[in-house]
Amino acid sequence: MVELLAPAGNIEALDAAIGEGADAVYLGLKSFNARLRTSNFAWNQFEAAVSSLHRMGKKIYVTVNTVSEDRETERLYRFLEYLNRVGPDGLIVQDFAIIRMARQFFPNLELHASTQMNVESAAALNYLSKEGLKRAVVARELGLEEIRAIKAQTNMELEMFVHGALCVSESGLCLFSSFLGGKSANRGMCTQACRRLYTADISGGPKQGYFFSPYDLELIDKIPDLIEAGVDSFKIEGRMKSAEYVGSVVSAYRYVIDHYKEGKKEAVAAAKRMLSTDFARKKTSYWYGFKEVGEGVEKAGSAILNPDQAGGTGIYLGTIEACREADDEVQAKAIAATPKGEAVQRVKMAYITGGSYEPDPGDSIRLHKKDDSGRVSHKVRSVRIDDNLRRWIDVPVSFSRGDSVYLLQTKAMSKRYPRVLPKDISMFRRQPGPDRLPVLDLTPVKKDELSYFPAGLYIQVSTVSDLFVIQSAHPVRAILEMNSETITELREKKTVLPISKKQVIISLDPFLPEGIFNSVKENIEFLIEEGFSTFIANNVAHLALLKNKKVNVIGGPYLYTFNRWAVSWLENQNIGAFISPYENSRKNLQETFEKPFRQRVLIPVFAYPALFRIRFKLPDDYNFTYFADKEEKEFKVVSSADGSFVMPEIPFSIMDKTDVLMSEGFSRFLIDLSRTKVSKGEFRQISSAYFKRITLPDVSRFNWKEGFYSQEKLDEYKAAAAAYAAGTFRPEMNRNGKGRKPFGKGEKH
């Protein structure tokens, strides 16, 4: 029987999901999940939910789908130990460190690969299955035929999103939010750069639009086909949505699943009527309906994007025209409605103009800051009518004049559901304990082990012609991206390279969907036969493709190695060299790779990192290359047969830091010119800056200095400062502190 899986961003949404017939729910706790901006569950609430749902014969999955810095791995270990005691039905994970820890210490934990792990082929699923994972949440960019093909080749459970918000970027590969200020999508801090208003530079003058804000996914009419294709779990997106939204969507999909055999058309029609109150964005079936992959690449952009569609969700109610203080009665209602354990919600009164509907108490609204800096869902509790018959409603105090307001649900759509959690949850007292994470040393470098990975300068390009440009810098290795253009040059035109094939490393694209898997496999086999012997793997499927091929494999920047436990898992896949992720910071890099192991890592020191990687070409009327945000930061977009890529106009560069890095034991540095046409003049400037250690003007340091944005880190700094001022500060025990049981050095696990 297929599973209907619903989001539970809070207790009310949990009640609605179960009340409308969901077979399972997924939720997050206060950390290590990709929706940190939702309320999430407290420890006792979560434990009570596990107990109650199991008594009801329902399942509960926990999202642990973010990457962890090395300093966080002990807390991650304690979190996994806690989950192991409480006993949810599965963990949805992204970080390879969790696979590594769970197999070593908590083998009873069932692991599911998150869509953030970027899994979209049968080969990737089968590889993860051998590593102990039971289920994978496949990428949303797949079509029906690809889903059928994957299921026909694997025994692993398939979970897929069927309804809710979409990301324009390929799953797990978005760096935009992180580039703008360290709020990484891979860390649950996405600021939704795709939903923003941009100004494009076109021939007729500037044009504004929400160029990358996708429609919402709706596959209600595809459910019968997907059931017959063998999908195991249908997932509804929406951990930040209201309980009313969750209830209405669950009821619709429940109806189709239960009744489509009685009459497919009738069941789908009835379900669509149930979804008529979903006041979210316009709907799309995305990659469904295309005859083959090429057609999808050409046409999916028009099916998912509309630059005139505001980034918001819901029915537009207007903007806040005026604000005033709320009286004591209104504040009391807001405080009473604040969930237990959360910061008290303060409100003000707002007068809204510009829409055709005036919200009532009980309606759910969504407010958007006029500068696009924040979005909040809110349930209206109070309405006041002034002497001029103007209608004032309560809104969070952080919003003000000019901010937009949208309707999500009306009170009339609300239903009361039986409570899942018991009234008294005082008996549920488990929390993460004080356990110490055993020390893990990476594998020491053996003599001649890294002969394929010499110290020095590496330069990456996307075209064969660019190899001729960069050879003047005499890199120890050139990295050539395998794409539709380069493979044509090598297979059909048989261009003679200016560099020995032994000195050329082939970089594989991080997105490998089932629809192109066989052609990628054939191209890799061709390149191996032609004498290319070193490849960069950026997808789990690459590990499967290159296994037993007698080639050297380097772990690419998209096989995220933000901690030594993730590195160790890849070591156990016979990978001994790694490219640091573009998002990484100096401090975390140093902590992950201690001095004896720094020969294993290649550090990007210059790049135009892909902020969005999009499977499809942009629509034909997107006749621009350059665009800017409200802060006048400029970006560029390029489209090709391999999809679309959005990159910053200002590059990331730390080339002036290489001497310092060399003194710390790092000796391999990467200038990444991917998807950038390299002129001889520009390349001379870049290479000269590298060799002379010159600071280039107008560059970004990305997260190199400040690291990821982290509210927990800020709280730690504040607590430490307060303790220092009070004379009670105690430095945290270092990595080799007392009570830590070490593994044997060099031992793999």
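A residue counts as buried here when its relative accessible area is under 20%, as exposed when that value is over 50%, and as partly exposed in between. By this criterion, 59% of the 749 residues of the protein are buried in this model, which is a predicted one.

The overall dimensions come next. The C-alpha trace spans about 80 × 65 × 55 Å along its principal axes, and the radius of gyration of 26 Å agrees with the value near 27 Å that would be expected because a compact globule of 749 residues follows that rule. Within this outline the chain forms 21 helices and 32 strands. Among the contacts made at a sequence separation of 6 or more, 74% join residues that are 24 or more positions apart. The surface that the protein exposes amounts to about 30800 Å², of which carbon and sulfur atoms supply 49%. As for charge, the mean positions of the 104 positive and 94 negative charges lie 4 Å apart.

Close to the start of the numbering, helix 1 and helix 2 can be read together. Helix 1 (11-19) is mostly covered, with seven of its nine residues buried, namely Ile11, Ala13, Leu14, Asp15, Ala16, Ala17 and Ile18. The cover over these residues includes strand 1 (3-7), strand 2, helix 2 and helix 9 (243-259).

Helix 2 runs over residues 43-55, and its end C-alpha atoms are 19 Å apart, which agrees with the 18 Å expected because its 13 residues should each contribute 1.5 Å to the rule for the span. Its buried residues are Gln45, Phe46, Glu47, Ala48, Ala49, Val50, Ser52 and Leu53, and these pack against helix 1, strand 2 (24-27), strand 3 (59-64) and helix 3 (73-86). Just after helix 2, Gly57 takes a positive phi of about 80°.

Positive phi values also turn up at residues that are not glycine. Most residues other than glycine have a negative phi. Asp448 nevertheless has a positive phi of about 65°, and it lies in the loop between strand 19 (404-409) and strand 20 (456-461), where it counts as exposed because its relative accessibility is 61%, above the cut-off of 50%. Lys550 likewise has a positive phi, near 60°, and is placed in the loop between helix 16 (540-546) and strand 24 (552-555); with a relative accessible area of 84%, Lys550 is exposed as well.

A contrasting environment is found at Thr534, in strand 23 (residues 534-537), which counts as buried because its relative accessibility is 3%. Which residues does Thr534 contact, leaving aside its neighbours within four places in sequence? They are Tyr452, Val504, Ile505, Ile506, Asn552 and Ile554. One of these partners, Val504, is 30 residues from Thr534 in sequence, while their C-alpha atoms are 7.5 Å apart in space.

Towards the other end of the numbering, Ala721 belongs to helix 21 (residues 711-726) and is partly exposed, because its relative accessible area of 47% falls between the limits of 20% and 50%. Ala721 and Met662 are 59 residues apart along the chain, and their C-alpha atoms are separated by 33 Å.

Methods
Residues are numbered from 1 along each chain as its sequence is written. This is a predicted model: local features need pLDDT of at least 70, side-chain atom pairs count only at pLDDT 80 or more; totals for chains, interfaces and linings use all residues. Side-chain values use heavy atoms; hydrogens and water are left out. Helices (H or I, at least four residues) and strands (E, at least two) are DSSP runs, numbered from the N terminus. The radius of gyration is taken over C-alpha atoms; the globule rule is 2.2 Å times the number of residues to the power 0.38. Buried means under 20% relative accessible area, exposed over 50%, partly exposed in between (1.4 Å probe, protein chains only). Contact means heavy atoms within 4.5 Å. Accessible areas come from the Shrake-Rupley method with a 1.4 Å probe; for residues, only the protein chains shown count as cover. Lys and Arg count as positive and Asp and Glu as negative; His and the chain ends are not counted. The place of a charge is taken as NZ of Lys, CZ of Arg, CG of Asp or CD of Glu. The expected span of a helix is 1.5 Å times one less than its number of residues.
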